[in-house]
Amino acid sequence: MKMTIDVDALFRERLQRHLAELVRYGQYMANGGVLMVAVFLCGLLAYYYPNLVKAIPAWFPVPYALALVLAIFITRSPHRTFLLEADLIFLTPAETKMARYFQKTQVYNFVVQSIGLFLVLLLFLPLYQGTIGASGAQVWLYWGVPFVLKGWNVYISWTVLRLPGKQQGAAFSMGRFGLTYFLLAWMLTEGGFLAYQRVPYGAILWMGLLIWFHIRLLQIPKKHAYQWYQLLEMENGLRLRFYQIANQFRDVPSLQQRVKPRKWLMWIAGLIPYRQENAGRVLFLKTFLRSGDLAGMYIRLLVISSLLIIMLPGPLAQIAVTVLFFFMSASQLKGIGSQARHHSRASLLPINEHQQTSAASWVRRVLLGFQVVVNMVLAFV
């Protein structure tokens with residue numbers, strides 16, 4: 001019996017399901033204060049941005065540094081395919097008909113990643129114009145070339161995903177990054193990158209490398225089919241990352257909490273005196289240190305707040321950042337107690353519910369106090 005499949009309907013159904021999930025959890029994030037925090041940080045950054053641009057020394061190579069940041073952002077091209085485990089059985093026989101489905105997923109990936117690229121370009125535009133004095137056609141190139149490169153990177157990275165070995169894929173990724181940085185540096189320096197006596201040797205070299213790169217690339221689809229397990233692994237990883245972010249604001253039923261050994265951090269729990277009344281504190285602190293979500297979120301907030309305090313001039317802005325990130329961390333750390341109780345670890349210890357609640361509150365106070373101390377020390381340095 002010949003198998004028929006409507007790939008357009010399949011993609012439409014998978015995309016609608018994904019967008020519905022995105023909207024539902026996006027509302028939870030907005031209600032959790034993310035939107036307010038984003039607006040506040042944008043306002044704070046806009047207020048101090050001119051002073052930060054003026055503080056950059058004249059010797060600093062802004063175009064090359066900007067090209068490096070943009071190249072990293074543009075080269076990173078993860079691929080959502082909306083594949084499911086069952087597809088390994090039901091879709092692999094129809095692999096020859098899946099090209100149209102995957103073309104639609106690549107369009108989706110390009111659009112979504114272009115939104116982030118637009119925000120990055122918008123963020124760095126005053127820096128580029130303020131230090132280089134770019135205007136007219138140069139500004140149009142600033143807005144146009146990165147999007148062309150993003151589309152090229154999405155296409156190339158998708159083609160390279162057919163390779164069975166990760167080492168070959170890594171080599172092509174490095175090649176993509178090199179070519180992307182090369183063109184961005186040449187564009188941002190207004191053709192001055194690797195040019196001598198107005199002869200653009202850099203552009204000529206880039207064209208030669210690009211042709212050689214595509215000749216190597218054209219061989220991949222002829223020799224290799226889709227790596228279905230690799231595509232499914234990437235899809236599951238990206239979906240899990242989204243669930244982990246959403247789980248900070250709302251319990252995600254399908255999310256399984258990740259636990260990491262982190263033996264190099266266990267000495268921190270050893271600082272608590274060995275007594276029965278401290279059993280709950282040790283349990284909740286170890287649970288936090290080994291958690292893949294709470295600890296990661298706390299560390300990220302600590303690092304971001306520290307960087308903002310170092311960058312922003314003036315005590316008022318530093319105090320505002322300290323207070324803002326204090327409340328953000330406090331909101332995230334509310335899950336410390338429930339995380340240990342959810343896994344029934346607390347029931348193994350001779351402590352009642354009141355002691356568990358007290359121990360979880362103690363761990364939260366210690367973590368929040370440590371964050372405030374770090375932020376205040378950086379503010380006074």
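Reader: What makes Glu235 and Arg239 neighbours along a helix?
Author: Both residues belong to helix 9, where four residues, about one turn of the helix, separate Glu235 from Arg239. A helix here is a DSSP run of H or I with at least four residues, a strand is a run of E with at least two, and both are numbered from the N terminus. The model is a predicted one, in which local features need pLDDT of at least 70, side-chain atom pairs count only at pLDDT 80 or more, and totals for chains, interfaces and linings use all residues. Residues are numbered from 1 along each chain as its sequence is written, and side-chain values use heavy atoms, with hydrogens and water left out.

Reader: Why is the contact between Glu235 and Arg239 called a salt bridge?
Author: The term requires a side-chain nitrogen of Lys or Arg within 4 Å of a carboxyl oxygen of Asp or Glu. For Glu235 and Arg239 the closest N and O atoms are 3.2 Å apart, so the pair meets the criterion.

Reader: Why are Glu235 and Arg239 described as buried?
Author: A residue is buried under 20% relative accessible area, exposed over 50% and partly exposed in between, with a 1.4 Å probe and protein chains only. Glu235 has a relative accessible area of 0% and therefore counts as buried. Arg239, at 17% relative accessibility, is also placed in the buried class.

Reader: Which other residue forms a salt bridge with Glu235, and what does the pair tie together?
Author: The partner is Arg80, with the closest N and O atoms 2.8 Å apart. Arg80 sits in the loop between helix 3 (62–75) and helix 4 (87–90), while Glu235 is in helix 9 (residues 228–247), so this salt bridge ties together parts 155 residues apart in sequence. Arg80 and Glu235 are both buried.

Reader: How do you know that Glu13 and Arg14 belong to different exposure classes?
Author: Arg14 has 9% relative accessibility and so is buried, whereas Glu13, at 33%, is partly exposed. Their side chains meet in a salt bridge with an N to O distance of 3.8 Å. A search of the whole structure gives seven salt bridges.

Reader: What makes Phe82 unusual in its backbone, and where is the residue found?
Author: Phe82 is not a glycine, yet has a positive phi of about 60°. Most residues other than glycine have a negative phi. Phe82 is located in the loop between helix 3 and helix 4, and its relative accessible area of 4% is why it is classed as buried.

Reader: Why is Ile89 called exposed?
Author: Its relative accessible area of 61% places Ile89 in the exposed class. Ile89 belongs to helix 4. The C-alpha atoms of Ile89 and Glu235 are 16 Å apart, with their positions 146 residues apart along the chain.

Reader: What makes the group around Val107 a nonpolar patch?
Author: Patches consist of residues with over 30% relative accessible area and no salt bridge, like charges being joined within 9 Å and nonpolar side chains (Val, Leu, Ile, Met, Phe, Trp, Tyr) within 5 Å. Val107, Val111, Ile115, Phe118, Leu119 and Leu122 form such a surface patch, with about 550 Å² of accessible area together. Areas come from the Shrake-Rupley method with a 1.4 Å probe, and for residues only the protein chains shown count as cover. Val107 lies in helix 5 (residues 99–132), and at 52% relative accessible area it is therefore exposed.

Reader: Why is the packing of helix 10 against helix 14 called oblique?
Author: Helix 10 (residues 279–290) and helix 14 (residues 353–380) pack at about 55°, with axes 8 Å apart. Angles under 35 degrees count as roughly parallel, over 145 as roughly antiparallel, 65 to 115 as roughly perpendicular and the rest as oblique. Helix 10 is therefore oblique to helix 14. The axes are lines fitted to C-alpha atoms, for helices over the stretch in contact, and angles run from 0 to 180 degrees between N-to-C directions.

Reader: Which class does Tyr49 fall into, buried or exposed?
Author: At 15% relative accessibility, Tyr49 counts as buried. Tyr49 is in helix 2 (residues 34–54), and its C-alpha atom is 9.6 Å from that of Leu123, a residue 74 positions away in sequence.

Reader: How many helices and strands does the protein have?
Author: The secondary structure comprises 14 helices and zero strands. Buried residues account for 40% of the 381 residues.
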